[in-house]
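Me: I want to work through this model one packing and pairing at a time. Keep the answers short, and finish each on what I asked for.

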Amino acid sequence: MATMFPCPNCGGQLRFSPKSHFRMKCTSCGKYTNAREYTPDSSMGKDSLNTKVYTCPTCAGEIQLIDNDGMEFCPFCGNQTTMQEHFAKGGAPKYILPFALEKEEAKEKYNEQTKKYCFTPNGLDDKENIDKMVGMYVPYFIYEYGINDIVKYSGSHEHTSGNYHITDYANVTVNVDVEDVQVPFDGSQTLDDTISHYIEPFPMDNLIEFNPNYLAGFFVENSSVDKDLYVEDANEGAKKYLFGKVLEQGGQYKPNEKEKTYINRQLNEKAKSKGVAGAYFPLYFLTTRYGDRVAYSIVNGANGNLYMDMPIDKNKMYRTAFVVSMIIFAILLGCTFLFDFSFKIEKVTSFSAFISSVISYVGAVLADKAYRKDNHLDDKGFFKTKDNVNKKKEDKEKKPKKKDTFWGKYSTTIIIVAMTLLIFSIFTGTFNGVINLTFGIMMPVSVIIIVLAAISVKKGDKKVLKLGIFGWLFSYIIHVISLPNDIFYYGAMIFVFVMLLHSMSAVVHQYNVFATRPSPQFEKHGGGLEHAK
Ligand SMILES: [Zn+2]
Ligand SMILES: [Zn+2]
């Protein structure tokens, strides 16, 4: 097929070249052409595009080919397949954010990131796998707002002068004049909203009027989401941004809670929606298959922000765990000689009860997280229309509740304090006391964690949770009843140890379900992008 972007010099294919500052490079003669001035083939208009559309027979995803050589695998579901192709005339969006990153740079980013993970599954960082990365323009909706109005509030300013503590009050009047507030949301079914948040913010200053020349050599995902889907979220986003502007101008006078509400109410009235516009945003996509699931790696083609689904390689993890346990064992053995500490085998039951309770808690939380992800409960775009979002949410989610993040906030501090105490006590010779105290505390703590696990249970696969509870219960019973002699304890402990290994393996499996996603299945085509102008 003749090229849609013929080179003015030799007639070869022009490709948009992200690093060359708005120029296109000829694949035959290597000469550059200014992308702003170039006029392509008549099939590539500013308002409509005549392109070849590929449909994946497995997931029904649709991709426009813009003068590419085709592809042997689907970037959405990762299946190697013969795509069904047809020509289609499609609308064009109002804006485009051109690629600023070359594919090689995106691959480099990806490579660097995989090196940071300890248990990267084999194959994920293979050259062959990385070569599957594709540059794709993804449909976005841009909700636009403008305001040129006065916002009033009363603010206060506290300061100290000599021995006096002074609070100044003032009625603040600011003129908020912002012509363009642009809040983007992805109009793609594939791109989970949680991923979009990771790779944001896009450099909105680089957004320009649509010109098909920037598409040359890339793929374009067809939009399948309604344009009004994110209106409320966009309103909130715009209001938050403008609120910041008001405070900026208000200087040292800060509003209290009541005044903040008042400011928001004024912004609600005075910020005018200018409608929704469609845009193409640049992303590099890499899809890897894991059995019947997929893992996505996505690089923001405008600034290099990266998101990666990262499952764990079990064998790699076990090897590391084995080495670490051996080191701990050696240290403990050394300690028994150096500090002359010993403990009764019954005490170990507290330890296994503790570990089991933690496993059950992790099981409860991971199951819920994996369930939310698999059912797209945090991803509006998947449901395509507002009605669907509301309906499906009701179906799948009984109690929407944010997880408390106490552990997330304080975990590092707690671990550092515990380690310091431990090291300190070793050197001051109270190790025996510490060990006894630790074992003494572990059992009651495990009970608390089991209760927490029970509270955290929502939906999803309960296997890990059950294994944890079983291990805990078993340890607890062994701890409470008195067995006739140590041999029975050793037998029980070996059983518990095997149980723990099995539970750990289940935890990793559950984690891997959480870290990947179900193979996509597109249900609808033709979203609102071409209607959003
Ligand atoms: Zn040429
Ligand atoms: Zn597919």
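Me: How far apart are the axes of helix H4 (residues 231-250) and helix H5 (residues 257-270)?

Reply: This is a predicted model, where local features need pLDDT (the predictor's confidence in each residue, from 0 to 100) of at least 70, side-chain atom pairs count only at pLDDT 80 or more, and totals for chains, interfaces and linings use all residues. Residues are numbered from 1 along each chain as its sequence is written, while chains are lettered from A and ligands numbered from 1 in the order in which they are written. Helices (H or I, at least four residues) and strands (E, at least two) are DSSP runs, numbered from the N terminus. Axes are lines fitted to C-alpha atoms, for helices over the stretch in contact, and for H4 and H5 the separation is 10 Å.

Me: Which orientation class does the packing of H4 and H5 fall into?

Reply: Angles run from 0 to 180 degrees between N-to-C directions. Under 35 degrees counts as roughly parallel, over 145 as roughly antiparallel, 65 to 115 as roughly perpendicular and the rest as oblique. H4 and H5 pack at about 120 degrees. That makes H4, relative to H5, oblique.

Me: Which hand does the crossing of H4 and H5 have?

Reply: A crossing is left-handed if the near helix is turned anticlockwise from the far one by less than a right angle, and right-handed if clockwise. H4 passes H5 in a crossing that is right-handed.

Me: How many residues of the contact of H4 with H5 are charged?

Reply: Contact requires C-beta atoms, placed from the backbone, within 7 Å. Lys-239, Leu-242, Phe-243 and Val-246 of H4 meet Ile-263, Asn-264, Leu-267 and Asn-268 of H5. Ala, Val, Leu, Ile, Met, Phe, Trp, Tyr, Cys and Pro count as nonpolar, Asp, Glu, Lys and Arg as charged, and the others, Gly among them, as polar. The contact has five nonpolar, two polar and, for charged, one.

Me: How are helix H11 (residues 463-480) and helix H12 (residues 486-515) oriented to each other?

Reply: The axes of H11 and H12 come within 9 Å and cross at roughly 160 degrees. H11 and H12 are therefore roughly antiparallel.

Me: How many nonpolar residues does the contact of H11 with H12 have?

Reply: The crossing of H11 and H12 is left-handed. Contact residues include Leu-467, Gly-471 and Phe-474 of H11 and Val-496, Ser-503 and Val-507 of H12. Six are polar, one is charged, and the nonpolar count is ten.

Me: Which strands stand at the edges of the open sheet of E1, E2 and E3?

Reply: Two strands pair if DSSP finds at least two bridges between them. The order is E1-E2-E3, with antiparallel pairing. A single partner strand leaves one side of each edge strand without a neighbour in the sheet, so the edges are E1 (14-17) and E3 (32-34).

Me: Which residue stands opposite Phe-16?

Reply: E1 pairs with E2 (residues 23-26) over four bridges, antiparallel. Facing Phe-16 in E2 is Met-24.

Me: How many bridges pair strand E4 (residues 48-55) with strand E6 (residues 84-91)?

Reply: The pairing of E4 and E6 is antiparallel. Ser-48 stands opposite Gly-91 in E6. The number of bridges is eight.

Me: Which residue takes a positive phi in the hairpin of E4 and E5?

Reply: E4 and E5 (residues 62-65) pair in the antiparallel sense over four bridges. Six residues lie between the strands. A phi near 70 degrees belongs to Ala-60.

Me: Which residue forms a cis peptide bond with Glu-200?

Reply: Omega of this bond is about 0 degrees. The partner of Glu-200 is Pro-201.

Terms used:
Contact = placed C-beta atoms within 7 Å.
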